[in-house]
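Trainee: Could we take a close look at one part of this protein, the place where its nonpolar side chains gather? I would like to follow it residue by residue.

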Amino acid sequence: MEKGFRTIRKWKTNDIHIRDPFVFPYAKEGRYYLFGTTFADGCGDQDPVFEVYASDNLDDWEGPYIAFRPPKGFWGVRQYWAPEVFEIDGRFYMFATFKGGIGEHRGTAILVSDHPAGPYQPHSEGPVTPRDWECLDGTFYEDRHGQWWLVFCHEWTQEYDGKIKAIRLTKDLKRSYGEVIDILHASSMKWIRLFGDPRIEKEGFLTDAPFMYQAKNGELIMLWSSYSKPSYGGDGGYVVAVARSKSGDIAGPWVHDEPLLLDRNAGHASLFRDFQGRLYMSVHYPDTPHGSERPLFIEMAETENGLKVAEEACSF
């Protein structure tokens, strides 16, 4: 692994400051690799990077190492957010958010490496989200027909009503193509509240972090995050919600669970299995106050039609 400018040292999970944590279990080595949003905008004379931590047990970590250092002239100049890593046809692909320069939108691009920890190199032809849209949090999904998809958020900062959409990916993972499919519009959710950013004097309905999961009954489940109304029954903070395609296809029809999967000021969920086969949801917790975010791995129980937090994991 590549050493960066930060000191490599040992960490406990709850000492790592990170948002959008994503765990890639690499069975060949018996190691877990933790990615997330850390050095997103650079600092001083250091450019933004994606970092990675390594562990044998999900509790003791070593890092941060450099997973991606942008080459000179790379189109993404800031907002290095929410990296996710997938093994596809024997190579490792990172799907990550970047903000372009003046006049360029934020979007998801695809990087590639021969090892899950990197170092990664640019792979796609710029962003694979539409270039005239402000987008983030693209995730990879292969459907039961073998089609590759990018599922992503169309940002509330451009749309007011944040949306989650899907678009097909070419087999070389260089670009997207075809019709964009709507999965959800945030404002239609009963539990959602307006999100505001005083720095840009805007409010809207936010969408974050789609992640796909195939349920035992054939339904396609999507986890995603936003902010809930305090009156809805939870903490009124950052949450994890569930949408489901009854057909099992990305075209839907999609329905939305009224109970939130997680309403505890924690979110940006992804799923992984440990080397004993147990299923975990990875989130950052708490979401606010900013600066306090840590990775949290919550054991999940699989039901006939989806997921729930395991009883033994309910105490955090």
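Which residues of the largest nonpolar core touch the most other members?

Mentor: Happy to walk you through that. This is a predicted model, in which local features need pLDDT of at least 70 and side-chain atom pairs pLDDT 80 or more, while totals for chains, interfaces and linings use all residues. Residues are numbered from 1 along each chain as its sequence is written, and side-chain values use heavy atoms, with hydrogens and water left out.

Start with the core itself. F95, F98 and M281 touch the most other members of the largest nonpolar core, which holds 61 residues. (Such a core is a set of buried Ala, Val, Leu, Ile, Met, Phe, Trp, Tyr and Cys residues joined through side-chain atoms within 4.5 Å; buried means under 20% relative accessible area with a 1.4 Å probe, protein chains only.) The top contributor to this core is strand β8, residues 91-99, which supplies six residues. (Strands are DSSP E runs of at least two residues, numbered from the N terminus.) A separate core of 25 residues lies apart from the 61-residue one, and L136, V151, M222 and V239 are among its members. In soluble globular proteins, nonpolar side chains tend to be buried together.

Now stay with β8 and see what stands beside it. An open sheet of four strands runs in the order β7-β8-β9-β10, with antiparallel pairing. The edge positions belong to β7 and β10 (121-122); each has a single partner strand, so one side of each has no neighbour in the sheet. Find β7 beside β8 and trace the contact between them: these two strands run antiparallel and are joined by seven bridges. (Strands pair if DSSP finds at least two bridges between them.) Across this pairing you can find R78, which stands opposite K99 of β8.

Next, go back to F98 and look at its ring. The whole structure contains 30 aromatic pairs. (Phe, Tyr and Trp rings, the six-membered one for Trp, pair with centres within 6.5 Å: stacked under 30 degrees between planes, edge-to-face over 60, otherwise tilted.) One of these pairs joins F98 to F68 in an edge-to-face arrangement, with 6.0 Å from centre to centre and 75° between the planes. It ties together distant parts of the chain, 30 residues apart: F68 belongs to strand β6 (residues 60-68), and F98 to β8. Both F68 and F98 are buried. So far, then, F98 has appeared as a core residue with many partners among its 61 members and as one half of a ring pair.

For a second example, find W133 and F152. Their rings form a tilted pair, 6.3 Å centre to centre with 40° between the planes. Here too distant parts of the chain are linked, with the two positions 19 residues apart: W133 sits in the loop between β10 and β11, while F152 is in strand β12 (residues 148-154). Like the previous two, W133 and F152 are buried.

Finally, turn to F95, another of the three core residues that touch the most other members. The ring of F95 is part of a cluster linked by ring pairs, together with F22, F86, F140, W148 and F211. Try colouring those six rings, then add F68 and F98, which pair edge-to-face.

Technical notes
Buried means under 20% relative accessible area, exposed over 50%, partly exposed in between (1.4 Å probe, protein chains only).
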